Amino acid sequence: MPLTPLPAIVDMNPLVGQVDFLWITFDCLRFDVATLCTQAGETPHLPEIWERRETPGTFTLPAHLAFFHGFWPTPGGEGPHPRLFALEFDGSLSTAATTYVFREVPDLLSGFVALGYRTYCVGGVGFFNKRNPLGHVLPGYFQESVWSPELGVASRNSPALQVEAAVKWLAKQPRTQRVLLFVNIAATHPPHAFFAGTPTECVDSQRAALRAVDRELPRLYAALRARGPCFALFTGDHGEAYGEDGRFGHRLAHPVVTTVPYAHFLVV
């Protein structure tokens, strides 16, 4: 498996501008679901170890707005925790010498573009559907973006079709062109009972959805590996409650929602 684990603190300064980037958010993915899958050997193409982190948002919109401005899920334990990327920001306690700081830009994607990167978004959930002004906000951070119902939460084929969209876009990019590819995985967001044949959404059906995503990843890794080294960042944007303490869904501050799986590594 072409994944090279990296330590929690990585000096991004020699990487930004030199390697491609892959950011994947697994919408609604719970930490316990991701770890159950890895422990059972169900997702051999995903990280073997997920780090437990706390998300800055309890649903897709605020979580991604934070991510795109440098505030990815926060490690547990005593901080401050150095961030991988940051914008110029007075008083930031989590900007360290290892942090790549983008200056005079309003968001990370603009910073990557200023360095010559080409950015592309493969949308998943409704906040990426471009069907209304709100649906344009998150994909609007990217130079190019794609969404269709077949890539969305109601499509059982979304894992294969989202990876296919990403691979096709990569094939159009010259190998000398540095890229930042972002994918918002739809399958792990309800409805996903159809992946497991369960009557309702639950831990088992989200596990089945994650297995479906895992099966498609080798094609994406191969396309990236053909271009050269790629820094990959995988995370849940938030989790999902399936009845714990009488809570259901997300957009609520319950530990199963605020705790997400996180990993970063090299695809080589």
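**Exercise 1. Is arginine 30 buried or exposed, going by its relative accessibility?** Then work out what its salt-bridge partner looks like.

*Solution.* Bear in mind that this is a predicted model.
- Start with the cut-off: buried means under 20% relative accessible area.
- Arginine 30 has 3% relative accessibility, so it counts as buried.
- Now find the partner: the side chain of arginine 30 meets that of aspartate 32 in a salt bridge, at 2.8 Å from N to O.
- Aspartate 32 has a relative accessible area of 28%, which makes it partly exposed.

**Exercise 2. Check the length of helix H7, then look for a bend in it.**

*Solution.*
- H7 runs over residues 203-225, which is 23 residues.
- At 1.5 Å a residue, the helix should span 33 Å.
- Its end C-alpha atoms sit 32 Å apart, so the expected span and the model agree.
- Next, the bend: H7 turns by about 35 degrees at glutamate 216. Within four residues after that comes a proline, proline 218.
- Glutamate 216 also has a salt bridge, with the side chain of arginine 219, at 3.0 Å from N to O.
- These two are three residues apart in H7, so about one helical turn separates them.
- Arginine 219 comes out as partly exposed, because its relative accessibility is 37%.

**Exercise 3. Which parts of the chain does the salt bridge between aspartate 20 and arginine 227 tie together?**

*Solution.*
- First, the contact: the two side chains meet at 2.8 Å, N to O.
- Place each end. Aspartate 20 belongs to strand E2 (residues 20-26), while arginine 227 is in the loop between H7 and strand E10 (230-236).
- The pair therefore joins parts that lie 207 residues apart in sequence.
- Check the burial: aspartate 20 is at 0% relative accessibility, so buried. Arginine 227, at 10%, counts as buried too.
- Widen the view: Asp20, Arg178 and Arg227 are linked in a network of salt bridges.
- For the overall tally, the model has eleven salt bridges.

**Exercise 4. How many disulfides does the model have?** Take cysteine 37 and cysteine 230 as test cases.

*Solution.*
- The cut-off to use is a pair of cysteine sulfur atoms within 2.5 Å.
- The count is zero disulfides.
- For cysteine 37, the nearest cysteine sulfur belongs to cysteine 202 and is 12 Å away, and cysteine 37 is in no disulfide.
- For cysteine 230, the nearest one is that of cysteine 121, at 16 Å, and again there is no disulfide.
- Finish with accessibility: cysteine 37 is buried because its relative accessibility is 0%. Cysteine 230 is buried as well, with a relative accessible area of 0%.

Terms used
Residues numbered from 1 in each chain as written. Predicted model: local features only at pLDDT ≥ 70, side-chain atom pairs only at ≥ 80, totals over all residues. Heavy atoms only, no water. Expected span 1.5 Å × (residues − 1). Bend = angle between axes of the 7 residues up to and from the residue. Buried < 20%, exposed > 50% of the residue type's maximum accessible area, 1.4 Å probe, protein only. Salt bridge = Lys/Arg side-chain N within 4 Å of Asp/Glu carboxyl O.
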